[in-house]
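I open this notebook to record what I looked up in one structure, beginning with a single residue and moving outward to the chain.

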Amino acid sequence: MNQTASAGRSQLSVKISRHLETEISEGRLKPGDRIPTEAQLTNQFGVSRNVVREAVARLKSEGLVESHQGRGAFVSDKAHRNSFRINHDDLSSLSKLRQLYELRLDLEVSAAGMAARRRTRSQLETIQAALAALHSSLSSGQSVIENSLAFKRAIADATGNEYFKNFVLFLTAHIFEAASFERRIENSAALRDTVLAEHASILEAIELGDPDLARRAAWVQIINSAERNGLRGLQGWEVTRMSSLGETYAPPCAPPIANMASPSLTLPENACDCHFHIFGDPAVYPFTPHRSYTPPPASLDAYQSMQRTLGLTRGVIVQPSVYGYDNRAILQALRQGGGNYRGVVVISPEASEAELREMDALGVRGVRINLIYKSGVEVSDVTHLARKIAPLGWHVQLLIDVSEFADLYDTLANLPVNVVIDHMGHMPASVGTEHPGIQDLLRLTQEGKVWVKLSGAYRFTNQRSTPYSDITPYAKALIESNPDQILWASDWPHVCISVPMPDDRTLIEEFFEWAGRDEATIRKILVDNPARLYGF
């Protein structure tokens, strides 16, 4: 089936389901009444039986219609009892769809954990049968919606909590992996295998009776489902915090691309990369067990090779989350690199003044607070930390999702130190530049109250490869708000990303476009601003 035909089929099924819903809501079809047969609806609307079946499946998912074996579909006796409704038309809005997914995330994750503890043998058999039906529909190219929902309903039933079960069933009935996803799954064996594996992982954990593993598996499935519907960064990028749900989740990261061409523009003298990481020998510099990823080897020598190819001279080494409070690797790199490098560290509340002074002498100019990736670092009082480092003239660098950070402006506007925001605010590209968090960030930048790094576009784009055009409006808006407060960074070696590894040349070429290829703007962001902030 081609994409146009499939899209048309979906629109027709929606039209039929809306017609029947109106008949029910206005009382022409009453509880217990049989709805028109497939043949009648086919003739009435001039469509195929598949279109009619999809329309009826939508009504079933909303609890308006129920099937009676061998007799047809009937209006449910609960059809007029729902006071809380979710309008399918609203779900065409990404913001509405995001809200629904956020609600599902906590509820379905909890349901999976409860089912792992409480499921009876018969309930487990029902879940197994639902997975088998899903497998069959995926293999045969049939609609997966009803079988996917049946799997979730079986898990909800196994919670043993009637109120919880009914609410989960209500929510799952209102989230279709949209018709576009069905079209993609029809044409992608790999995607079919992925979806089946996600559901199988949930079943396996429930079979084992492991609630932590079940919660993790359900979490993965919903996060991935959201991303397939164009939604990244669900609940503040919670996918990075999964290890709180059981064993450590720290997948290995791919290495950076080693060989690349020089950029199309010659960089100005003393151009600075304001954010990269160094990862040493784990036998010497062990990673914290409380981490979200396992990085590849990334030495200063390897970085400098890339740096020379691009034409960069200066750099800022940033403490990654995998080292927690252990700054030894970054301090050694600063000793090796010399005066062309500065550092941003992570410190504990107990760090002494003498330790901070020693770091300052090596080139440390800031403290990082990471509110996205797990590092074993607890952050509860930004103001206290800012006061601790203020005598040194250091800044606070924040890795946050500005679309999830409450009271962003009020929190950051009056801190006694400079504030640097990592990765353009790390917000999902789908939130839009009018989001209040983005507007607060632009206001803070315009007023000179924060600095912002143009970096890490691949972390919040909805695209798979450069150029990440959906990030361009954010980058340009930030530059326009106040080019004197903007920095650029490679984010080398690009750890913990969900897209193909980018070429560093393409990243700086993208920056050229954001800056309008204007020489004065490029020089300001690459040379003048870093010199002012980091003291080169």
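Where in the chain is His423 found? I located His423 in the loop between β8 (419-421) and α16 (436-446). I note at the outset that the model is a predicted one.

**Entry 1: His423**

I next asked whether His423 is buried or exposed. Its relative accessibility is 2%, and because burial requires a value under 20%, I recorded His423 as buried.

I then looked for a polar partner of its side chain. The side chain of Ser455 makes a polar contact with that of His423, at 2.7 Å.

I also listed the surroundings of His423, leaving aside its neighbours within four places in sequence. Ser455 appears again among its contacts, together with Lys453, Gly456, Arg459 and Phe460. The list further holds His275, Arg368, Leu399 and Asp491.

**Entry 2: strand β4**

I turned to strand β4, which spans residues 314-318. How many of its residues are buried? I found 5 of 5 buried, and the strand is mostly covered.

I then sorted these residues by face. In a regular strand, side chains alternate between the two faces of the sheet. On one side of β4 I recorded Arg314, Val316 and Val318, and on the other Gly315 and Ile317; all are buried, and both faces are thus covered.

**Entry 3: the partners of β4**

Which strands pair with β4? One is β3 (residues 272-276), which pairs with β4 in the parallel sense over 3 bridges. Within this pair, I found Cys272 opposite Arg314 of β4. Between the two strands the chain passes through helix α11 (residues 300-310), and I noted this β-α-β crossover as right-handed.

The other entry concerns β5 (residues 341-345), which also pairs with β4 in the parallel sense, over 4 bridges. Here Gly315 stands opposite Tyr341 in β5. The chain runs from β4 to β5 through helix α12 (residues 328-337), and this β-α-β crossover is right-handed as well.

**Entry 4: the chain as a whole**

Finally, I recorded totals for the protein chain. I counted 19 helices and 10 strands. The chain has 536 residues, of which 53% count as buried.

I looked up how contacts are distributed along the sequence. Among contacts with a separation of 6 or more, 77% come from residues 24 or more positions apart.

For the accessible surface I noted a total of about 22900 Å², with 48% of this area belonging to carbon and sulfur atoms.

Note on methods:
Residues numbered from 1 in each chain as written. Predicted model: local features only at pLDDT ≥ 70, side-chain atom pairs only at ≥ 80, totals over all residues. Heavy atoms only, no water. Buried < 20%, exposed > 50% of the residue type's maximum accessible area, 1.4 Å probe, protein only. Contact = heavy atoms within 4.5 Å. Areas by Shrake-Rupley, 256 points an atom, 1.4 Å probe, with all protein chains shown as cover. Pairing = 2+ DSSP bridges. Right-handed = clockwise from strand over helix to strand, strands pointing away. Polar contact = N/O pair within 3.5 Å; in protein donor to acceptor, adjacent residues only side chain to side chain.
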